[in-house]
Amino acid sequence: MQHYLKKAAAWLAVVVSVTMLTACGSDKKTAQQAPVTGKSTAGLENYRPPKIDTAGLLAKAKDGTYWGLGKPDEEGEYTKLTLTIEKHKIKDAVFEGYLKGGKLKDTDYGKTNGKIENKVYYNKAQLALRANKTYAAELVKKQELNKVDAVSGATVSYKGFFEAGQMALEKAIK
């Protein structure tokens with residue numbers, strides 16, 4: 001009888017441990033994936049940008065300034081990447097985000113009626129703005145869209161960066 005009680009206790013300990021580990025894992029995943037803004041980020045958690053032959057496009061590119069737009073999200077917000085190309089190199093890049101209606105996202109982005117009503121939302125919005133500058137600077141430095149790393153918390157901007165970048169480079173070869 002004592003032997004059966006030991007076996008039952010051991011199995012109970014295993015079941016409790018597995019249950020606790022499973023519950024902890026799913027809580028953590030849910031907390032990381034829950035959008036702060038209420039915007040849908042479904043499918044972006046594992047976003048992988050398309051392979052873009054930046055070097056091949058730059059080899060055919062004409063000198064000049066070209067821009068591309070990222071597709072608008074469900075709220076009508078979009079991105080714009082402006083590239084200055086000289087001698088088949090990206091000399092300058094400016095990456096910006098816009099609200100529906102064309103208003104540039106700035107230090108007010110994430111505020112409600114000019115006030116920070118939700119600090120978490122505001123901080124996340126401002127993180128995305130800082131990421132835009134990082135994406136542009138890294139593109140000039142690395143000369144390859146696919147060598148620009150995503151900034152955690154700015155995946156929507158990162159997706160728009162690739163869409164706009166591809167469009168701008170395609171315009172440069174026409």
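In this predicted model, Asn132 touches Phe95, Glu96, Gly97 and Ser157, leaving out residues up to four places away in sequence. Asn132 itself lies in helix 3. Its relative accessible area is 3%. That value is under the 20% limit, so Asn132 counts as buried. Asn132 also belongs to the lining of the second largest pocket, where it is one of the residues that lie nearest the centre.

One partner of Asn132 is Glu96, a residue of strand 3. Besides Asn132, Glu96 touches Tyr78, Thr79, Lys80 and Leu104, again not counting residues up to four places away in sequence. Glu96 has 22% relative accessibility. Buried residues fall under 20% and exposed ones over 50%, so Glu96 counts as partly exposed. Glu96 can also be placed against Arg130. The two are 34 residues apart in sequence, and their C-alpha atoms are 10.0 Å apart in space.

The second largest pocket holds about 230 Å³ of space. Its lining consists of 14 residues. Phe95, Lys105, Leu129, Asn132 and Lys133 lie nearest the centre of this pocket. Two elements give two or more residues to the lining: strand 3 (89-98) and helix 3 (119-142). Helix 3 gives the most, with six residues. By class, the lining is mixed: five residues are nonpolar, four are polar and five are charged.

Helix 3 was then examined along its length. It has 24 residues, and at 1.5 Å a residue these should span 34 Å. The end C-alpha atoms of helix 3 are 34 Å apart, so the expected and computed spans agree. The buried residues of helix 3 include Tyr121, Tyr122, Ala125, Gln126 and Ala128. Further along, Leu129, Ala131, Asn132, Tyr135, Ala136 and Leu139 are buried too. Strand 2, strand 3 and helix 4 are among the elements that cover these residues.

Helix 4 gives a similar check. Its 18 residues should span 26 Å at 1.5 Å a residue. The end C-alpha atoms of helix 4 are 26 Å apart, so here too the two values agree. Among the buried residues of helix 4 are Ser157, Tyr158, Gly160, Phe161 and Phe162. Glu163, Ala164, Gly165, Ala168, Leu169 and Ala172 are also buried in this helix. The cover over the buried residues of helix 4 includes helix 2, strand 1 (64-69), strand 2, strand 3 and helix 3.

Residues of both helices take part in the largest nonpolar core. This core has 27 residues. Leu81, Leu83, Ile85, Tyr135, Leu139 and Phe161 have the most contacts inside it. At least two residues each come from helix 2 (54-60), strand 2 (78-86), strand 3, helix 3 and helix 4 (155-172). Helix 4 supplies the largest share of this core, with seven residues. Leu83 shows how such a residue is surrounded. With neighbours within four places in sequence left aside, Leu83 is in contact with Gly64, Thr65, Tyr66, Ile90, Asp92, Ala93, Leu139, Ala168 and Leu169.

The loops were considered next. Thr112 lies in the loop between strand 3 and helix 3. Its relative accessible area is 35%. This value lies between the 20% and 50% limits, so Thr112 is partly exposed. Thr112 and Tyr122 are ten residues apart in sequence, with 9.1 Å between their C-alpha atoms.

Asn113 is placed in the loop between strand 3 and helix 3. Most residues other than glycine have a negative phi. Asn113 is not a glycine, yet its phi is positive, at about 55 degrees. With a relative accessible area of 73%, over the 50% limit, Asn113 is exposed. Gln143 is another residue other than glycine with a positive phi, near 60 degrees. It lies in the loop between helix 3 and helix 4. The relative accessible area of Gln143 is 15%, under the 20% limit, so Gln143 is buried.

Finally, the chain was viewed as a whole. It contains four helices and three strands. Along the sequence, these follow the pattern α-α-β-β-β-α-α. The chain has 174 residues, and buried residues make up 31% of them. Contacts between residues at least 6 apart in sequence were also counted, and 53% of these join residues at least 24 apart.

Conventions
Residues are numbered from 1 along each chain as its sequence is written. This is a predicted model: local features need pLDDT of at least 70, side-chain atom pairs count only at pLDDT 80 or more; totals for chains, interfaces and linings use all residues. Side-chain values use heavy atoms; hydrogens and water are left out. On a 1 Å grid over the protein atoms alone, a cavity is a set of points where a 1.4 Å probe fits but cannot get out, and a pocket is an open set with protein on both sides within 12 Å along at least five of seven lines; lining residues have an atom within 4 Å of a point. Grid points are joined across faces, edges and corners, and a volume is the space filled by probe spheres set on the points. Ala, Val, Leu, Ile, Met, Phe, Trp, Tyr, Cys and Pro count as nonpolar, Asp, Glu, Lys and Arg as charged, and the others, Gly among them, as polar. A nonpolar core is a set of buried Ala, Val, Leu, Ile, Met, Phe, Trp, Tyr and Cys residues joined through side-chain atoms within 4.5 Å. Buried means under 20% relative accessible area, exposed over 50%, partly exposed in between (1.4 Å probe, protein chains only). Contact means heavy atoms within 4.5 Å. The expected span of a helix is 1.5 Å times one less than its number of residues.
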